[in-house]
Amino acid sequence: MNGQIVVAGALISGTSLLVAQRARPAELAGLWELPGGKVAAGESDAAALIRELREELGIEVTVGERLGADVALTDTMVLRAYLVTQTDGVPAPNDHRALRWVGAHELDGLPWVPADRAWLPDLAAALASV
């Protein structure tokens with residue numbers, strides 16, 4: 001992959017998933033997503049996700065297994081999700097409008113960022129297996 005990779009973290013605690021409400025850009029503001037961000041040059045997916053979740057949420061995580069398949073955002077940008085485990089800190093919406101814990105039964109009803117919708121079956125399965 002010679003393009004930009006964007007990583008997202010699925011933080012599950014008990015039977016709930018942490019989702020973040022976007023503040024920007026305007027076309028995505030108010031929609032919900034898995035928090036994360038762009039992988040910098042020379043950075044691993046895991047290192048980028050740890051850095052992004054520290055910046056966006058103020059938490060420390062360990063990065064686990066991949067979740068679902070890659071989602072193409074553009075011809076040169078791909079979105080990739082990982083299961084993460086919180087090891088320290090208290091999640092705060094430093095870069096988002098709001099944070100919310102949701103259960104598997106709430107996933108379909110949320111107004112998701114379009115790209116993240118591809119993972120709903122995988123997220124439901126992950127929540128069911130805890």
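In this predicted model, a good place to enter the structure is the residue E52, which is found in helix α1, the helix that covers residues 45–57. Is E52 buried or exposed? Its relative accessibility is 10%, and because buried means under 20%, E52 counts as buried. Leaving out residues up to four places away in sequence, E52 touches G36, G37, K38 and L57.

From this one helix we can step back to the whole chain, which holds two helices and seven strands. When the chain is read along its sequence, these elements follow the pattern β-β-β-β-α-β-β-β-α, and the C-alpha trace spans about 35 × 30 × 30 Å along its principal axes. What radius of gyration would a compact globule of 130 residues have? The expected value is near 14 Å, and the chain has 14 Å, so the two agree. Of the 130 residues, 41% count as buried, while the accessible surface of the chain comes to about 6,400 Å², with 52% of that surface belonging to carbon and sulfur atoms. If we consider the contacts in the chain with a separation of 6 or more, residues 24 or more positions apart account for 67% of them.

The next topic is the interior. In soluble globular proteins, nonpolar side chains tend to be buried together. In this model the largest nonpolar core has 22 residues, and those with the most contacts inside it are L17, L34, L107, W112, W119 and L123. Several elements give two or more residues to this core, namely the strands β1 (4–13), β2 (16–21), β5 (60–72) and β6 (77–88), together with the helix α2 (120–128). Taking L107 as an example, and not counting residues up to four places away in sequence, we find that L107 touches L17, V102, W112, L120, L123, A124 and L127. There is also a second, separate core of 14 residues, which includes A48, L49, L53 and V78.

Strand β1 offers two residues to compare, and one of them is I5. I5 has a relative accessible area of 15% and is therefore buried. Apart from residues up to four places away in sequence, I5 touches G37, K38, V39, D45, V78 and R80. The C-alpha atoms of I5 and T62, which are 57 residues apart along the chain, are separated by 19 Å. The other residue of strand β1 is S13, which has 44% relative accessibility and so counts as partly exposed. S13 and G103 are 90 residues apart in sequence, and their C-alpha atoms are 10.0 Å apart in space.

Strand β7, residues 98–103, brings us to L99. With a relative accessibility of 21%, L99 counts as partly exposed, because the buried class is kept for values under 20%. Which residues is L99 in contact with, once its neighbours within four places in sequence are left aside? They are L18, V19, A20, W32, L57, P91, A92 and P93. For one of these partners, L18, the separation from L99 is 81 residues in sequence but 6.9 Å in space, from C-alpha to C-alpha.

R100 is also found in strand β7, and with a relative accessible area of 32% it is partly exposed. Once its neighbours within four places in sequence are set aside, R100 is in contact with L17, L18, V19, W32, E106 and L110. The charged end of R100 sits over the ring of W32, at 5.8 Å from the centre of that ring. A search of the whole structure for aromatic pairs, on the other hand, finds zero. The C-alpha atoms of R100 and T76, which lie 24 residues apart along the chain, are separated by 31 Å.

One detail of the backbone remains. Where along the chain does P25 have its place? P25 lies in the loop between β2 and β3, the latter being residues 32–33. The peptide bond that joins R24 and P25 is cis, with omega at about -10 degrees.

How values were computed. Residues numbered from 1 in each chain as written. Predicted model: local features only at pLDDT ≥ 70, side-chain atom pairs only at ≥ 80, totals over all residues. Heavy atoms only, no water. Phe/Tyr/Trp six-rings, centres within 6.5 Å; stacked < 30°, edge-to-face > 60°. Lys NZ or Arg CZ within 6 Å of the ring centre and 35° of its normal. Helix = DSSP H or I, 4+ residues; strand = E, 2+ residues; numbered from the N terminus. Rg over C-alpha atoms; globule rule 2.2 N^0.38 Å. Buried < 20%, exposed > 50% of the residue type's maximum accessible area, 1.4 Å probe, protein only. Contact = heavy atoms within 4.5 Å. Areas by Shrake-Rupley, 256 points an atom, 1.4 Å probe, with all protein chains shown as cover. Core = buried A, V, L, I, M, F, W, Y, C linked by side-chain atoms within 4.5 Å.
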